[in-house]
Amino acid sequence: MIDPALVSALSALMFVIGLGGAFTRKNAIIVLMCIELMLNAANMQFAAAAVHHGDTTGWVYTLFAIAIAASEVAIGLAIFLAVYGQHETISLDDVDVLKN
Amino acid sequence: MASTEVTTTIQSEWLDFAPLIILLPMVAFAVILFLGRVFNGNPFWKNTLKEGGLIALPVMGASLVLSLLLISEFLGGFNPLKVFDPAVADKIAWVNSAVWNGGSTVTPVSFGFGIYVDHVTVMLLFVAAFLCLLINTFSIGYMNTDPINDNRNHRFYAEFVLFCSGMLGMVLSDSFLWLFIFWEIMGLCSYLLIGFYYERPSAASAAKKAFMTTRIGDVFLMIGLVMLWDLFGSLDYAVVFDTHNIEEVAKHSAGTLQWALGLMFIGAVGKSAQFPLHVWLPDAMEGPTPVSALIHAATMVNAGLYLVARMFPFFGAEALQGDLEDLAFIIAAVGGITAVMAAAIAFVQMDLKKVLAYSTMSQLAYIFTGLGCAMYLANTLDWHHDDDAHYIVVVAFGAALFHLFNHAMAKGMLFMASGSVIHEVHHAHHHLHHHDDHGDGHGDDHHDDDFDAQSMENMGGLASKMPITATAMLVGSASIMGLPLIGGFWSKEGIIANAWRVAQDDPRFFLPATCVLLGAAMTGFYMSRMWFKTFAGKPNNEIAAHVGPTNTWIKTPLFILTFVTLSSVIFAGLGFTHWASDNSYELGEKGLLKGLVYELEHAFANSDAFFFILTYVAIFLGAVVGPGLAMALYGGKLAEGEETKPWMRPVIQLSAWVNKRFHFDNSAFAESTLATALENRLYIDEYYDKAMVNIVAGFSNKAAEADSEVIDGTIKAIESGSQSLSSVVRSMTTGSARDYILMVAVGTLAIFMLIWGVA
């Protein structure tokens with residue numbers, strides 16, 4: 001069995017990669033993928049914690065998070081479509097109507 | 001300290017109806033105003049009801065009938081009705097309230113309305129109700145025939161009846177509080193009616209001036225009333241005139257009482273247009289002529305005199321003997337100064353109504369002098385026990401009241417006659433100059449062109465064109481001048497004689513005494529000047545040559561008042577002077593003929609050498625010197641072929657003869673600085689304006705500065721501060737999703753670290 005500490009480390013690495021991607025990329029879809037990455041990093045952390053504590057609650061949280069993430073992706077993509085309809089782009093640098 | 005119980009009960013049939021005298025016009029006010037709004041432009045309303053004039057007329061008639069019934073009952077003796085023992089109707093409780101008296105208890109107070117009838121009331125009630133009816137009649141002939149008034153006469157009649165209601169209410173009410181309330185109603189109506197032609201800036205500012213000037217007096221009146229309340233615990237006549245209450249007050253606060261009465265007198269000065277609060281009255285002539293006749297000559301300006309006459313019980317009280325003589329002097333002195341000043345200004349006025357306005361001021365001043373002298377006599381003589389002194393006081397007070405009566409009748413008539421002249425000159429002008437544009441809204445133009453229908457420059461020789469008006473004016477002028485046997489003669493001689501009588505006791509009174517004697521000559525001059533300039537000589541221009549006789553609505557009241565003025569000799573014979581002021585005298589007690597002989601003997605053959613000479617000096621000044629000068633300057637024959645009534649013919653012929661024989665050139669006087677000063681009303685208005693600009697406007701500017709700097713400044717500082725703060729906050733919203741993600745990350749991290757740190 002894999003050491004939960006290693007899983008935690010992997011999870012942290014994934015989270016940082018996701019965060020960095022969300023900061024730096026322009027394309028909204030890529031940013032959404034990065035957010036998914038961060039969510040999965042969190043899932044992984046839940047799983048690792050469940051193994052570590054021998055408690056099934058963490059598994060349950062993981063399953064919930066996966067279901068919610070799926071619906072969140074659907075909503076996110078729908079928003080991108082609507083934004084594209086308005087601005088003919090989904091580049092985050094060009095969509096700044098909330099400025100000031 | 002005083003009880004407010006009213007115990008007098010009097011059996012009277014008409015006293016209970018007395019409130020109707022006040023209420024009927026008040027209801028008519030609302031009715032005319034409302035109907036006027038609804039029916040304007042409707043021919044039935046306009047022609048048959050005279051835009052409300054024929055609603056007002058029967059109402060005033062009803063008020064007069066009720067007044068006459070009350071008066072006749074009073075004269076017929078429901079008769080504990082004497083000066084100091086008046087009839088008081090059951091009070092209608094109006095306000096029940098409580099006054100905190102500084103301790104732990106409250107004194108219950110009720111302000112009720114009641115009717116108070118005594119000789120002064122009866123006299124003024126008759127004057128007010130009678131003149132209201134006559135001037136209402138006159139108004140129908142005057143207001144409804146001028147197209148400029150179309151569709152707004154209802155406003156005139158509504159305000160007119162409200163005024164009548166105020167005047168009658170003031171006369172009948174039984175406390176100083178109600179007197180003050182009705183006083184203010186009259187002030188309001190005066191303001192509204194002076195500004196009747198509110199589209200003219202001169203009328204609007206005259207209305208404001210009248211309102212503000214009288215308001216100055218009213219503030220003092222109110223303070224005086226509060227002080228009186230403080231002394232007596234009530235403002236009801238029944239309480240404040242009670243001998244025991246006066247004695248109680250006289251023990252330790254006679255000085256305060258003098259101050260209270262003095263402040264109330266300032267209110268009277270404002271209302272009756274006396275120096276130094278006289279500036280509003282000449283400007284008030286901007287109102288329609290019926291208003292000038294009723295409010296600014298015959299009734300409202302008498303309110304101040306009525307207030308002073310009401311103070312008589314204080315002056316006459318034994319307990320206060322000698323305590324109020326300074327105030328009596330001030331009253332007489334204000335009167336004397338105004339009498340001469342106003343008469344002098346009247347010398348140079350060209351406007352017919354302005355001459356009459358200054359004459360009103362001057363004659364009211366006579367009455368003030370008369371009242372002041374009577375008050376002085378009552379306050380210094382032991383008249384409760386000494387029969388001779390009693391007679392002197394009664395005659396002095398009576399002469400002032402009789403002059404009030406004579407002046408109101410004569411001046412109401414003079415103003416109506418002047419209105420008649422102005423009306424016809426105006427129509428003649430209209431007839432000659434706007435012949436072809438009838439019916440296309442000419443109502444708007446004829447008050448704007450250069451022609452002044454009120455200027456005596458545009459009159460002359462009217463005696464043959466308007467005989468009734470000229471006769472009325474002649475009789476009225478003679479009454480005001482005090483020509484022997486006519487109208488004001490009986491009362492004016494009395495006032496002059498009493499002023500000199502007092503001057504013998506107290507040298508201070510030489511000032512008012514000299515003033516009223518001098519004023520007699522001046523009155524003779526300016527009244528004659530007005531009559532001759534208007535009615536004698538040849539017409540000054542084409543317009544005056546085309547003036548026609550006036551209409552019946554206008555003639556009727558002139559006709560009636562001419563006889564009333566002439567019949568003043570009957571009133572004198574009936575002993576009006578004694579009756580008006582004495583609590584033991586009845587009208588016509590001596591019999592008419594005997595009374596008349598007595599009065600004549602007293603006037604022309606006084607046993608006291610001093611008064612014998614004084615009478616003839618006064619008659620000489622008022623009836624020879626004044627009119628003689630006016631004849632020499634302004635007299636003249638009528639134009640060729642013009643005939644007038646036989647009683648005016650000798651007057652005109654005499655004036656022509658005097659003019660031929662004694663005419664002199666007065667251009668040196670006309671160009672002198674004195675004449676210029678008089679034409680500018682002695683610059684008093686200008687000084688007031690300057691004082692206003694420097695004090696009031698200066699204060700207003702400071703107040704405006706404080707408003708814009710301090711109050712607005714604070715609000716603006718709050719506003720600009722929050723704006724700059726918001727722009728700082730706004731700069732954080734960049735609109736870039738990445739920045740938001742960063743903020744969320746940093747924020748989360750911060751919260752995490754916080755929690756970690758706490759744990």
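**Exercise 1. Length and course of a helix**

How many Å should the 26 residues of helix 25 (residues 609-634) of chain B span, and what do its end C-alpha atoms show?

*Solution.* The model is predicted. Begin with the rise of 1.5 Å a residue; the expected span is this value times one less than the number of residues. For the 26 residues of helix 25 of chain B, the span should therefore be 38 Å. Next, take the end C-alpha atoms, which lie 36 Å apart, in agreement with the expected span. Finally, follow the axis: helix 25 of chain B bends by about 30° at Leu621(B).

**Exercise 2. Packing of two helices**

Describe how helix 17 (residues 467-481) and helix 21 (residues 552-566) of chain B pack.

*Solution.* Two quantities are required, the angle between the axes and the distance between them. Here the angle is about 30° and the axes are 9 Å apart. The handedness follows: helix 17 and helix 21 of chain B cross in a left-handed sense. Then list the residues in contact. Helix 17 of chain B contributes, among others, Ile468(B), Ala472(B) and Val475(B), while the contributors from helix 21 of chain B include Leu558(B), Phe559(B) and Leu561(B). Sorted by class, this contact of helix 17 with helix 21 of chain B comprises 7 nonpolar, 6 polar and 1 charged residues.

**Exercise 3. The side of chain B that touches chain A**

State which helix of chain B supplies the largest share of the side that touches chain A.

*Solution.* Start with the counts: 11 residues of chain B contact 10 residues of chain A. On the chain B side, helix 30 (residues 737-758) provides the largest share, 5 residues. The classes on that side of chain B are 4 nonpolar, 5 polar and 2 charged residues. For the complex, the predictor gives an ipTM of 0.81 and a pTM of 0.78.

**Exercise 4. Backbone details in two loops**

Identify the peptide bond joining Phe275(B) and Pro276(B) as cis or trans, and give the sign of phi at Glu51(B).

*Solution.* For the bond between Phe275(B) and Pro276(B), omega is about 0°, and the bond is cis. Pro276(B) belongs to the loop between helix 9 (243-271) and helix 10 (280-283) of chain B. Glu51(B), a residue other than glycine, has a positive phi near 55°. Its loop runs between helix 2 (43-48) and helix 3 (53-75) of chain B.

**Exercise 5. Confidence along chain B**

Assess the pLDDT of chain B.

*Solution.* The chain B average is 83, and 91% of the residues score at least 70. Over residues 1-9 of chain B, however, pLDDT is below 50. Residues 79-90 of chain B also stay under 50, and the model has 37 contacts for them beyond four places in sequence. Where pLDDT is low, predicted coordinates should not be read in detail.

Conventions. Residues numbered from 1 in each chain as written. Chains lettered and ligands numbered in written order. Predicted model: local features only at pLDDT ≥ 70, side-chain atom pairs only at ≥ 80, totals over all residues. Helix = DSSP H or I, 4+ residues; strand = E, 2+ residues; numbered from the N terminus. Bend = angle between axes of the 7 residues up to and from the residue. pLDDT = per-residue confidence, 0-100. Contact = placed C-beta atoms within 7 Å. Axes fitted to C-alpha atoms, helices over the stretch in contact; angles between N-to-C directions. Left-handed = near helix turned anticlockwise from the far one by under 90°. Nonpolar A, V, L, I, M, F, W, Y, C, P; charged D, E, K, R; others polar.
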